[in-house]
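Grab a pencil and open the structure viewer. Below are some exercises, each followed by a worked solution you can check step by step.

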Amino acid sequence: MMTRLPWLRGIAVVSMILLSINQGSAQQAFQIQPDPTYERAIGESVILLCSVTGKEGALTWVKDSTTAISADRVIVGTGDYEITGDDASGSYNLLIMNLTESDSGSYMCRVSAAGSSSALSSSAAQLTVSPIPVQAFSTGPSDTPALTGNSATLLCVIENKEGTVEWLKDGSVISEDSAITDTSLTRYSIIGTASNGEFNLQIVTLQESDMGTYSCRVSAAGDSDAIASGNAELTVRDASEVQSIVIPPSDVTAVVGTSATMVCYVSALSGSVLWIKDGVQISRNRELVNGDASGRLSIQGTDEEGKYELYISRVEENDQAIYFCVLSQSEVDSPVSSSPATLTVEAAIEPNTMSPECSLTPASILSEGDTVTITCESSGGAPQPTLTWSNDLDANTFFGNQTEDDSSATNSVTLVLTTELSGAVYTCRSTHPAYTEPKECSLPALQFALIATINVTTDTSRLTIEEDKPGEIICSAVGDPVVLGYRWYYNGAEIGNDDGRFVIETTNGKDSSTLTIGSATLSMDDATVQCEAFNRIDQRRTNIVLTIKEDNLTTYVLAALGLIATIIFVALVIGFIVWVCHRMNKRNRTIHPDAEADGMTKQIPNKNFFIGATHMDSMQNGGITMEAVDEKKKHKKHRKHKTDKKDKKEKKDKKHRKDKSKVLEHDSSRAPNPLSTRDGDHEGLPTIAGYIRPSAGRDPGVYPTYPPMYPIDGHSPLPHYQDGYPQGGPSSGDRSSRRDSKDRPVQNGKISLSPGEYQKRDEYERKLRELQGLRSDLVVPEPEKKKKKHRKHKKDKS
């Protein structure tokens with residue numbers, strides 16, 4: 001037994017140690033604590049979180065550290081509270097519903113000590129309950145002074161706007177929210193952002209009628225009551241009646257030794273103009289105060305200008321300061337002050353000793369019209385100097401184009417070379433605070449080739465003057481270089497001042513010169529006068545021709561008689577030519593018959609011709625038709641009507657072709673006629689010695705065919721044929737023994753010709769055809785004859 005007790009004691013000790021360890025690890029602790037702040041509005045709800053693990057003690061919600069709200073899950077306080085959550089999770093969340101302003105405060109979650117767990121307190125949670133938002137003025141209108149012609153804005157800004165915003169002027173409503181209800185107030189408007197509650201009244205181009213009492217009000221709506229702003233007085237004065245600073249001073253930088261000016265222009269001054277330097281007054285109006293022993297300060301300008309400039313000469317380092325221009329208060333105006341203006345003083349560093357330097361680009365081979373650049377350059381120094389140009393032609397200086405950097409300054413001028421600049425000398429002047437006097441550099445005189453131009457004109461190129469009357473010529477010229485004068489010449493010789501025939505007058509500006517001819521003579525007719533203009537490098541001339549009109553009545557009379565004689569002579573010549581042409585035309589129309597042809601006609605015996613039967617097979621015994629004669633008449637009629645109108649010509653050509661086709665059809669039905677003059681009709685005829693057939697080259701269309709010729713007695717020489725031959729048949733013995741026509745036998749009334757008579761008959765017809773063809777070519781019928789023949793043709797045709 002005794003041996004087992006130590007072992008049992010050891011087990012007990014170990015058990016107690018393990019029990020104490022387990023009890024230490026199960027102490028209560030916060031798992032979730034409420035947030036530091038909560039903000040809610042009246043009527044809303046809020047949950048304050050609190051969760052505890054290993055809870056042993058009692059959990060209590062406390063407000064403002066003194067008032068208990070709950071004990072575990074039991075509500076002990078007054079209010080709309082509730083504990084949410086469950087024991088398993090250890091959640092004891094405080095729910096506050098229908099918040100009021102009295103619910104605002106500091107809330108804590110506490111757990112009392114119990115068992116082995118000590119007491120716990122959570123962090124404080126501040127709950128803020130805001131009241132219900134209602135409309136209120138954030139900014140209201142205030143008294144506003146303004147000037148006529150300017151604008152004025154009266155402010156009205158509302159928070160939580162619920163009602164309607166209205167502006168009132170002198171108690172009358174003039175707007176509703178963002179609209180102006182008074183249509184007569186065209187210069188009034190509501191500006192601002194309505195969603196931000198901005199309903200500001202703006203008035204532009206103010207007038208005295210705009211003065212009055214203004215207020216802004218909002219009608220009741222929702223949870224908000226009606227609210228109204230205080231009254232604001234708007235006063236409008238003419239700008240000319242209120243003192244003001246029109247041009248305030250601005251910052252100025254000056255170099256030691258130079259001058260500085262601080263400007264200040266005022267208007268409608270009713271108080272005094274004060275200059276303040278670093279808070280110390282140094283002037284009143286135009287008087288300096290607090291002493292100025294150096295005499296470098298002065299107030300420049302006049303009261304009429306409203307100019308009160310502070311001028312500082314020979315600037316020193318102690319002049320660097322902040323300056324104000326101030327208008328003091330008066331009985332009617334408030335004080336006015338400008339913005340601060342700083343005068344900065346810099347030390348001057350003299351540029352390099354070789355500065356300035358002048359140059360010309362390009363420097364050689366120059367001509368009039370070229371473009372060159374003159375350059376002036378200064379290096380070193382601070383600040384950079386001011387570079388200006390001048391020339392010996394003009395005393396005034398010009399600045400050109402100056403560029404600067406930290407180490408140098410350059411001034412360049414571009415020139416176009418004109419005649420006026422020939423020989424000009426350009427000088428550059430450098431002005432610097434460190435210089436006691438400006439420094440200069442000069443370019444050599446400009447030298448370049450000139451282009452001479454002179455344009456000379458006169459009021460006329462030919463001057464007509466009556467004999468013994470005066471005349472005048474005006475000559476003007478422009479040139480580059482300018483015209484220096486004029487010279488006049490008569491027929492190549494210069495007109496001198498001692499020539500009494502002419503007077504020369506030249507304007508002082510050399511713009512023109514006038515040559516006056518005192519009395520024109522006939523010897524001056526067709527004379528040439530020259531006007532010459534000249535400048536220093538060129539001269540030009542122009543010519544004027546003189547015409548002198550002779551004042552002599554005899555000359556006019558002789559000229560008229562000569563004209564009349566010329567007209568009569570021309571009329572006689574024309575009459576003679578007409579008479580000669582008429583005689584020649586009449587002679588050409590008369591065609592005499594050929595005596596030889598006439599004799600041959602008479603010699604043809606009145607006997608029958610011998611005609612081969614082979615050519616007369618188609619002829620009837622009653623005689624022979626006169627197709628050839630008809631053919632000739634048709635061609636003559638065709639020639640007469642060639643000159644008629646085109647429509648008549650086409651009609652007659654058509655008829656002629658139709659008639660001709662009929663004749664050809666008839667000719668084709670019979671043997672060739674040995675008496676016809678058509679070339680085709682002679683084919684197949686026997687050759688007779690001494691008989692020459694018509695030329696095959698003659699065109700029947702040009703020379704119409706003619707009918708066969710018959711003896712003068714009118715009896716037909718053609719025999720009558722039966723079956724193509726004379727009765728009894730052809731016989732050489734009968735033909736050789738035939739006698740004269742009166743003694744020859746007559747067979748059926750037909751007379752036969754001997755071969756000799758047949759040959760003579762053919763020769764006669766050939767010559768007669770040639771004569772008639774010649775006549776047709778030469779004779780041109782007169783218009784009247786054409787008309788008569790045309791009428792006769794129409795009558796025959798009808």
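**Exercise 1.** How many aromatic pairs does the structure hold? Take two of them and work out how the rings sit.

*Solution.* Before you start, keep in mind that this is a predicted model.

Step 1: The structure holds three aromatic pairs.

Step 2: Start with Phe398 and Tyr426, whose ring centres are 6.5 Å apart, with 80 degrees between the planes. Planes over 60 degrees apart count as edge-to-face, and that is the label for this pair.

Step 3: Now find the two rings along the chain. Phe398 belongs to strand 41 (residues 394–398) and Tyr426 to strand 44 (residues 426–431), so you'll be scrolling across 28 residues to link distant parts of the chain.

Step 4: Check the surroundings. Phe398 counts as partly exposed because its relative accessibility is 27%, while Tyr426, at 4%, is buried.

Step 5: Next come Tyr490 and Phe502. Their centres lie 5.4 Å apart and the planes meet at 45 degrees, so this pair is tilted. Tyr490 is in strand 49 (residues 485–490) and Phe502 in strand 51 (residues 502–506), so the pair ties together parts 12 residues apart in sequence.

Step 6: Tyr490 has a relative accessible area of 11% and is buried. Phe502, at 5%, counts as buried too.

**Exercise 2.** Which rings have the charged residues Arg286 and Arg487 over them?

*Solution.*

Step 1: Look at Arg286, and you'll find the face of Tyr308 beneath it, with 4.1 Å to the ring centre.

Step 2: Then jump to Arg487. Its charged end sits over the ring of Phe534, 4.1 Å from the centre of that ring.

**Exercise 3.** Where does UniProt place the "transmembrane region", and what does that span look like in the model?

*Solution.*

Step 1: According to the unreviewed UniProt entry, the feature covers residues 556–581.

Step 2: In the model, residues 556–581 are 100% helix and 0% strand, and the end C-alpha atoms are 38 Å apart.

Step 3: Now hunt for a nonpolar patch on the surface. One such patch is formed by Phe569, Val570, Val573, Ile574, Phe576, Ile577, Val578 and Trp579, with about 810 Å² of accessible area together.

Step 4: Zoom in on one of its members. Phe569 is part of helix 2 (residues 553–589), and it counts as exposed because its relative accessibility is 56%.

**Exercise 4.** How many salt bridges does the structure hold? Look at three of them up close.

*Solution.*

Step 1: The count is 22 salt bridges. As a reminder, side chains of opposite charge can pair when their charged atoms come close.

Step 2: Asp72 and Lys55 make one, with 3.3 Å between the closest N and O atoms. Asp72 lies in the loop between strand 6 (67–71) and strand 7 (74–75), and Lys55 in the loop between strand 4 (51–53) and strand 5 (59–63), so the bridge ties together parts 17 residues apart in sequence.

Step 3: Both ends count as partly exposed: Asp72 at 25% relative accessibility and Lys55 at 28%.

Step 4: Lys469 and Glu466 make another, their closest N and O atoms being 3.4 Å apart. Lys469 is partly exposed at 40%, and Glu466 is partly exposed at 38%.

Step 5: Finally, try Glu765 and Arg769, where the closest N and O atoms are 4.0 Å apart. Both lie in helix 7 (residues 755–778), four residues apart, or about one turn of the helix. Glu765 is buried, and so is Arg769. Shared partners join Arg761, Asp762, Glu765 and Arg769 into one network of salt bridges.

**Exercise 5.** Which peptide bond leading to Pro362 is cis, and what is the phi of Thr205?

*Solution.*

Step 1: Recall the usual picture: most residues other than glycine have a negative phi, and most peptide bonds are trans.

Step 2: The bond from Thr361 to Pro362 is cis, with omega near -10 degrees. Pro362 sits in the loop between strand 38 (357–361) and strand 39 (371–379).

Step 3: The bond from Ala382 to Pro383 is also cis, again with omega near -10 degrees.

Step 4: Thr205 has a positive phi, near 50 degrees. You'll find Thr205 in the loop between strand 22 (200–203) and strand 23 (212–218), and at 43% relative accessible area it is partly exposed.

Technical notes: Residues are numbered from 1 along each chain as its sequence is written. This is a predicted model: local features need pLDDT of at least 70, side-chain atom pairs count only at pLDDT 80 or more; totals for chains, interfaces and linings use all residues. Side-chain values use heavy atoms; hydrogens and water are left out. UniProt positions are given in the numbering used here, feature names are shortened, and annotations may be inferred rather than shown by experiment. Helices (H or I, at least four residues) and strands (E, at least two) are DSSP runs, numbered from the N terminus. Rings of Phe, Tyr and Trp (its six-membered ring) pair if their centres lie within 6.5 Å; planes under 30 degrees apart count as stacked, over 60 as edge-to-face and the rest as tilted. Buried means under 20% relative accessible area, exposed over 50%, partly exposed in between (1.4 Å probe, protein chains only). A charge sits over a ring if NZ of Lys or CZ of Arg is within 6 Å of the ring centre and within 35 degrees of the ring normal. Patches are made of residues with over 30% relative accessible area and no salt bridge: like charges are joined within 9 Å, nonpolar side chains (Val, Leu, Ile, Met, Phe, Trp, Tyr) within 5 Å. Accessible areas come from the Shrake-Rupley method with a 1.4 Å probe; for residues, only the protein chains shown count as cover. A salt bridge is a side-chain nitrogen of Lys or Arg within 4 Å of a carboxyl oxygen of Asp or Glu.
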